[in-house]
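User: Please take a close look at the smaller part of this model that I am asking about, the sheet of chain B, and at how that part sits against its partner chain. I would like one connected account rather than a list.

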Amino acid sequence: MTQLLVWQVGPVRVRAEVPLAAPLATWVRRLYPDARSDAGSGFRARARSEALESGPVMPDETILLESGTDGFHVSRGDRIAGPLSPEDAFVAFELELSRALLEHQPTLPLHGGGAAGSSGAVLLSGPGESGKSTLTASLALAGYPVFGDDVILVDGSSGYIQPFPRLLKLTEPARSSLGIPEKDRWARRFPLVDATLIHPRGLGSGWSPPAPLTAVIFPHRDPDWQENPRWEPVPPSRAMALLMAQRIFPVRDPGRDFQILADVVGAASTVEVHYREAAQLVGRLEEWLGTPIPPTEAPGS
Amino acid sequence: MTAADPNIRPDRSTPRGRSDVIFRQVGEEWLLFDPISGDIHVLNPTAALVWAQCDGATPAGDIAAAIREAFGQEAPPTAEVRALVMNTVEKFQKLGLLAHPAKRE
């Protein structure tokens, strides 16, 4: 039976008509602890949900998760994914939910990872396979609360880095090398993304509070790198170009984004590093981070 | 714009930077960001001084004078500075960073 869910997450209302409402609602609550939701079926649920909605819901704020004869389908506007297994449908749904939330963020969302300590925030920026997820997980294992390994937010008014609570995504070699279980309370393997998704609580950490940026690190992981890690300063112009390329919405307001990044990059160290294994870098990153700080209250704890 | 044309007075032109182009110092570098092309240009200190005065009201000749003043006693000859300014303005123009081609009188 299809059930209707409505979430109010920050300024965004998201609606979903789903056949797996209970586990999906549990997962969303774990990821977005401030989400208010209403679940149920039929007319009464719709009435309750309409009461929760205090204004019109735009089509792009409606995410549908539907079951068909060939599997599950997730759609939002003209974006459609499927057919999918139930587990992968959850991942696809969460991808759309996070995208909907990001589109409403007043902050600047960037692809990137990182963590915070007593001295401030370290932002890890780079393309896929550069090692930022493994580095972020390594910092979480060292006790530092993290911002995420896929999306972080830059607050233009404060210049602080803010977390965006999406599960950390680790490839099989990374998960294995870090000694993280494939499946437990906080970790689960998902074929759609060919990775294990893990909450930072599962690494002994949590989500970071907002923190000022102290360093931007551009990692370059090379399995064949034989030397010690090579750290090199990056000129601000190159750092700006690399960070501008990591914006999630590159055409939305590039001038504003440039100003925000100029503010934070101008006050931070910008460094690139070539290395083989994440463990080689943690000690040096701790010099920028300082000592671990407590995470914000972890969802689902 | 060619200096060989006797009817052209490049030093009387009043270049104006596009209002949407962002001029920022980031660390030790002066940057121009063109939000339309997405390009980031790194300016040397002299080019930064020229851009800062591309306000549509300051003649290129006055920009050159200001730059000579900034150089102080080590300022190159006037003609050399004027040529430097005109070359820089021409580069800005070729990059599409000016609001319109510099006026010619």
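Analyst: Chain B of this predicted model contains 3 helices and 3 strands, and read from the N terminus its elements follow the order β-β-β-α-α-α. Of its 105 residues, 30% are buried, and among the contacts in chain B with a separation of 6 or more, 58% are between residues 24 or more positions apart.

The strands of chain B make up an open sheet of 3 strands in the order S1-S2-S3, with antiparallel pairing. Because S1 and S3 of chain B are the edge strands and each has a single partner strand, one side of each is left without a neighbour in the sheet. From one strand to the next, the twist averages 30°. Strands of a sheet pair through backbone hydrogen bonds, in either a parallel or an antiparallel sense. Here S2(B) and S3(B) are joined in the antiparallel sense by 4 bridges, and within this pairing B:Trp30 has B:Leu43 of S3(B) as its bridge partner. Helix H1 of chain B, residues 45-52, lies across S1, S2 and S3 of chain B, and the helix runs at about 110° to S3(B).

The sheet also takes part in the meeting of the two chains, where 12 residues of chain B are in contact with 12 residues of chain A. On the side of chain B that touches chain A, the elements giving two or more residues are strand S1 (22-26), strand S2 (29-33) and strand S3 (40-43) of chain B. By character, the residues on that side of chain B divide into 7 nonpolar, 2 polar and 3 charged.

One residue of chain A shows this meeting in detail. With its neighbours within four places in sequence left aside, A:Met240 is in contact with B:Val26, B:Leu31 and B:Ile40 of chain B, and also with A:Leu261, A:Ala262 and A:Val265 of its own chain. A:Met240 belongs to the largest nonpolar core, which has 76 residues, and A:Met240 is listed with A:Ala115, A:Val122, A:Val265 and B:Val85 as the members that touch the most other members. Another core lies apart from it and has 20 residues, including A:Val28, A:Phe72, A:Val74 and A:Phe90.

For the partner as a whole, chain A has 8 helices and 18 strands, and 42% of its 301 residues count as buried. Among the contacts in chain A with a separation of 6 or more, those between residues 24 or more positions apart account for 69%.

Antiparallel pairing can be followed in chain A as well, where strand S11 (residues 151-154) and strand S12 (residues 160-163) are joined by 3 bridges. In this pairing A:Val154 stands opposite A:Ile161 of S12(A). The hairpin of S11(A) and S12(A) has 5 residues between the strands, and in this hairpin A:Gly159 takes a positive phi near 75°. S12(A) is joined in turn to strand S16 (residues 211-221) of chain A, again antiparallel, by 2 bridges, and A:Tyr160 has A:Pro212 of S16(A) as its bridge partner.

How values were computed. Residues numbered from 1 in each chain as written. Chains lettered and ligands numbered in written order. Predicted model: local features only at pLDDT ≥ 70, side-chain atom pairs only at ≥ 80, totals over all residues. Contact = placed C-beta atoms within 7 Å. Nonpolar A, V, L, I, M, F, W, Y, C, P; charged D, E, K, R; others polar. Pairing = 2+ DSSP bridges. Core = buried A, V, L, I, M, F, W, Y, C linked by C-beta atoms within 7 Å. Buried ≥ 20, exposed ≤ 12 C-beta atoms within 10 Å, placed from the backbone. Axes fitted to C-alpha atoms, helices over the stretch in contact; angles between N-to-C directions.
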